[in-house]
Amino acid sequence: MTLIACTIDAIEPLTPTVNRVLLTPTTPISYQSGQYLQLCLTAEDKRPFSIASHAGSKQIELHIGASVADNFSSQALAHLQQLFAAKQPVLAEIGLGDAQLRTDSKRPLILLAGGTGFSYIYSIAQTLAKQNIQRPVFAYWGVRDVEALYHHPEMQQWASTNQLYQFIPVIQHSTPEWQGRTGLVHQAVLDDFASLAEYDIYIAGPFAMAGVVRDAFLQQGAKRENMFCDAFAYI
Ligand SMILES: Cc1cc2nc3c(=O)[nH]c(=O)nc-3n(C[C@H](O)[C@H](O)[C@H](O)COP(=O)(O)OP(=O)(O)OC[C@H]3O[C@@H](n4cnc5c(N)ncnc54)[C@H](O)[C@@H]3O)c2cc1C
């Protein structure tokens, strides 16, 4: 895969532990919604991050971080901040993965994100809306605390554009003020759908979540060939 130099346009906080990074590739690139890129920290150290922007966007948006600060994202962010301060580009491999949106399917969609896995479903949700795709879409986003729902208004706005679209945020550690769904996000899906057999299911989140979701969803009738999740290749 070719390495592309990308200008770093901005690094800005979305939450105390998650940052939005905007990149512009210096040569024309193409990617599909739901794909990821790898940031090259060194020739050997490449780290995957989902592309949050919709297919066709010239600027690439990333959401980098985790609810509990970890080396995976903090080292990548430190690398980007260093290059940004020095006005240097970052090298990336762009358009990776096999969990991109399938637009040829007619099945309804379940989008399932845990934490910064949101980046992945945000790209898909935007592309569905931009292409005016008329299929029922259930977008679930699970986070530990309500403060981590950094794009809540954007997703509510997305859902308001089409009667077929639903956005369901799920808070793991709820507060008395929170009126919505609580618990683990995949459990909310299991509670809402007696059978998952007829759905295309797109999944991103922590590795531990991906394994739990794969097993639980298969048990509830999901078809493996209609489940899309690049983390499956890592677990
Ligand atoms: C292809 C690929 C793309 C990636 N893209 C990104 C990216 O864009 N940005 C990034 O920062 N990192 C990315 N990563 C790395 C990694 O996936 C993230 O660091 C991780 O998802 C961060 O999770 P979190 O701390 O935000 O979630 P957490 O806060 O740990 O979890 C959020 C929610 O997920 C659910 N959940 C978590 N653990 C479990 C479990 N064990 N069982 C059931 N449910 C659970 C719960 O509902 C929980 O509230 C990527 C990795 C790969 C392989």
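Which residue places a backbone N or O atom 3.1 Å from an oxygen atom of the ligand? That's Pro-206. Keep in mind that this is a predicted model. Two topics are worth a look here: the ligand site and an open sheet of six strands.

**Ligand site**
- The protein buries 89% of the 990 Å² that the ligand exposes when taken alone.
- In all, 29 residues surround the ligand, and the closest are His-63, Gly-65, Ser-67, Arg-144 and Gln-172.
- Two of these reach an oxygen atom of the ligand with a side-chain N or O atom: Arg-144 at 2.9 Å and Gln-172 at 2.6 Å.
- Sorted by class, the shell comes out as 15 nonpolar, twelve polar and two charged residues.

**Who builds the shell**
- Helix H5 (207-219) gives the largest share, with four residues.
- Strands E4 (46-50), E5 (60-65) and E8, along with helix H4 (185-192), are also among the elements that give two or more residues.

**The sheet**
- Its strands pair in parallel, in the order E10-E9-E8-E7-E11-E12.
- E10 (181-182) and E12 (227-228) sit at the edges with a single partner strand each, so one side of each has no neighbour in the sheet.
- Helix H2 (residues 118-130) packs on this sheet, touching E7, E8, E9 (165-171), E11 (200-204) and E12. The direction of H2 makes about 150° with that of E7.
- E7 (residues 109-114) and E8 (residues 137-143) run parallel and are joined by six bridges. Leu-109 has Val-137 as its bridge partner in E8.
- E8 turns up in both topics: it is a strand of the sheet and gives residues to the ligand shell.

Notes. Residues are numbered from 1 along each chain as its sequence is written. This is a predicted model: local features need pLDDT of at least 70, side-chain atom pairs count only at pLDDT 80 or more; totals for chains, interfaces and linings use all residues. Side-chain values use heavy atoms; hydrogens and water are left out. Two strands pair if DSSP finds at least two bridges between them. Contact means heavy atoms within 4.5 Å. Axes are lines fitted to C-alpha atoms, for helices over the stretch in contact, and angles run from 0 to 180 degrees between N-to-C directions. A residue is near a molecule or strand if one of its heavy atoms lies within 4 Å of it. A polar contact is a pair of N or O atoms within 3.5 Å; within protein, one must be able to donate a hydrogen and the other to accept it, and residues adjacent in sequence count only if both atoms are side-chain atoms. Accessible areas come from the Shrake-Rupley method with a 1.4 Å probe; for residues, only the protein chains shown count as cover. Ala, Val, Leu, Ile, Met, Phe, Trp, Tyr, Cys and Pro count as nonpolar, Asp, Glu, Lys and Arg as charged, and the others, Gly among them, as polar.
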